[in-house]
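Reader: Hey, got a minute to walk me through this one? I'd like to start with the overall picture and then look at some rings.
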Amino acid sequence: MLVLRTVSTFSLCFKRPRTDSPLQPIRASRCSGGWSSFGAKAASAGSNPASQNIPRDLPAPLPTPSRSPQGSVDCPNLEFEYGDADGHGAELAELYSYTEEPELSHGRRCFEEDFHSPVPGRRWLELDRSQQKAHIMHLLDGLEVVSRDRRLRVARAILYLAQGVFGECDNEGDVLHWSRHNSFLLYQLGTFSAFLELLNMEIENSQACSSALRKPAISLADSTELRVLLSVMYLLVENIRVEQETDPPEWKTCRETFRMELSFPVHAEEPFALLLFTMVTKFCSGHAPHFPMKKVLLLLWKVLLPLMKQDSLDIYNERDPFKNDEGGVDEEENDDVDSGIEGELDLMERDTIIPALPAQRLPIERVSFPKGLPWAPKVRQKDIEHFLEASRNKFIGFTLGQDTETLIGLPRPIHESVKTLKQHKYVSISDVQIKNEEELEKCPMSLGEEEVQETPCEVLYRAMLYNLPQYMIALLKILLAAAPTSKAKTDSINILADVLPEEMPITVLQSMKLGIDVNRHKEIIVKSISALLLLLLKHFKLNHIYQFEYVSQHLVFANCIPLILKFFNQNIMSYITAKNSISVLDYPHCTVCDLPELTAESLEAGDNNQFCWRNLFSCINLLRILNKLTKWKHSRTMMLVVFKSAPILKRALKVKQAMMQLYVLKLLKIQTKYLGRQWRKSNMKTMSAIYQKVRHRMNDDWAYGNDIDARPWDFQAEECTLRANIEAFNSRRYDRERRSEFAPVDNCLQSVLGQRLELPRDFHYCYELWLEREVFAQPIRWEELLHCH
């Protein structure tokens, strides 16, 4: 018989809490708008089974009743595919606000005036490759002129090329095709480097900054040059980043070259991503309020998205010992070590029920109902140590520390339990890195200097290190200003500088259009920041665990946890189904189709989409960030309890999307032991859903508060110890002065005497005098030499 608490965990939910525990159960208020029942049997998944981005056997969304107690109708299953980003056309459309629509035709005029001057009536699409290159070189020469207005006109003409010369296209597909074609051509001729120099000039333009600071209200006109430059660079990055099967070999080579250029700075300059981070902090500090922050954040996100795509992600998946049994990796140490938001998302929690398919298409060989839960448990070294400590205290009366081999004096069932635990033992890459750090800290001289691989993540972290706290604070400030639950304050930053027109609307229709544009603008900012933060956490965690912990700690110190909870403390269904878009005004549709007359009714009706992709994408990203910040951190888990996150998260379960519900249940699971017996008793259907959908450790005490790690007096020490380890890591690896102190010393007498030393030219003239004074005339005090040793 195994002395393990696995399946029997659920029967202990009603167990009387320990009277000797100093931690009193904290009761959270029940969710007034919560749903009343979970089905014990999982409903069929609402996503398309042919999806390429989501595995077919994801946990099915939890069934909910048709109407909540408040009378609001719950949504049906959402057919949402999670991936790196939205569709290519949608990602390009979000670059532009609806207020910028007139500037599209302005760029077309700038291009055609110059393009048609030598040969009137010629078409860009009819030119051969050499003629197109010649004209692009002509435009790039125009960027070297002194006149600022002339440079702007040339930049607009280049932007029109990057937009796909829509004036010569008949449909949206042609616009997107020529946009990619021209983007590769522009990059090959050095356009990105030229625009990078212009961007540096605009960032350092003190006249524009001072002019913006003096204005009572900032509008689109204050950021014209920056918006044109950033738009061209974004189009190049996005078009080159997206891979298609029909891409010629030349484009694939160009893509890899571009990725290397973005990853490793040339001529000892800072990485391009660091320049964009600097723009973010400069904007938040109030020194450059005219910066178009939405475009900066979108570009920063997309620069990091090809930038940190490493082959080791896929290689690490191949080496996962649990992959064959479970179909993926877990959410913990190697959480999302798969391509994550860089490709398919493999989750450990699987559902045994496949989505309902027509009978004639159902592949019979795929129908299997494995016994037990649909995932295999993992066991940490710490879990084995805790299990043996409790067993030795019970049967022997003393412990042996971290010894997990000696089982003398323990009953036979304990032997079998330890054997089973060791069979499921999993050592994560994070554990290996932490152990290596401990050894390097103990023996810095004998182990020598660590060889650090120059990966894109490593280069970026080293560049961000000393200003990383400011970068995280700036991103969270912008996220707070863009959150729908935030109230306007006088001291908050203005994120609407690149969406407000020079002249405010005077009609109801114009006001409605601007209102939709502002809400859409905020949603795009939330989307880009959530994806950006998740990318940083994911890839820094794979590169080195202490890099991840450093970013995580500064996010926690900057109140990221309550900020995300505040974001979800709203009608999340309304946010996900919001229709803040005007499809007829989206790029590239507005460039090739005749625009219908807009009315207040058509604006209010919105589109026919079941949900807003970017808002659901943002919600899942924020939940994943919250999971990463709180996983195995008991002090941060207590923050979830103190801020009463349970009812907020329960309301989010009303969204019937498998991935979002999964991460909500994970957050509820880690704090269940702190919520008290009454909460568990009142939320048994939530507990059942957690048991069904979320992966558990073999001896996981998630359902009651007997965990050894749940002692509150260790919380502050836990964060302090972590911070000390992070500082030691950063000091050892990146502090040059400290590294020189531990340089190896040559103790061989012959080697030292055989070294050639550079002596002054006149030294041989006074050599004998120096020898007499410094050597022969000085007595040797042997007793002092002995005392020193």
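Author: Sure. One term before we start: a residue counts as buried when its relative accessible area is under 20%. This is a predicted model, and of the 789 residues of the protein chain, 52% are buried by that cut-off.

Reader: OK, and how many helices and strands are there?
Author: The protein chain has 35 helices and zero strands.

Reader: What about the exposed surface, how much of that comes from carbon and sulfur?
Author: Those atoms supply 53% of the about 38,100 Å² that the protein chain exposes.

Reader: Switching to aromatics. How many pairs does the structure hold?
Author: There are 24 aromatic pairs. One of them joins Y461 and Y734, a tilted pair with 5.6 Å centre to centre and 50° between the planes.

Reader: Where do those two sit in the chain?
Author: Y461 is in helix α17 (residues 456-464) and Y734 in helix α31 (residues 715-734), so the pair links distant parts of the chain, 273 residues apart.

Reader: Buried or exposed, Y461 and Y734?
Author: Y461 is buried at 0% relative accessible area, and Y734 is buried at 8%. Y734 also pairs edge-to-face with F729, at 5.9 Å centre to centre and 85° between the planes.

Reader: Which charged end sits over the ring of W632?
Author: That's R380, 3.6 Å from the ring centre. Likewise, the charged end of K541 sits over the ring of F548, 4.8 Å from its centre.

Reader: Last one: why does P292 count as buried?
Author: Because its relative accessible area is 0%, which is under 20%. P292 lies in the loop between α10 (272-284) and α11 (293-307), and touches residues including S223, L226 and D498.

Key: Residues numbered from 1 in each chain as written. Predicted model: local features only at pLDDT ≥ 70, side-chain atom pairs only at ≥ 80, totals over all residues. Heavy atoms only, no water. Helix = DSSP H or I, 4+ residues; strand = E, 2+ residues; numbered from the N terminus. Buried < 20%, exposed > 50% of the residue type's maximum accessible area, 1.4 Å probe, protein only. Areas by Shrake-Rupley, 256 points an atom, 1.4 Å probe, with all protein chains shown as cover. Contact = heavy atoms within 4.5 Å. Phe/Tyr/Trp six-rings, centres within 6.5 Å; stacked < 30°, edge-to-face > 60°. Lys NZ or Arg CZ within 6 Å of the ring centre and 35° of its normal. Lists of a residue's contacts leave out its neighbours within four places in sequence.
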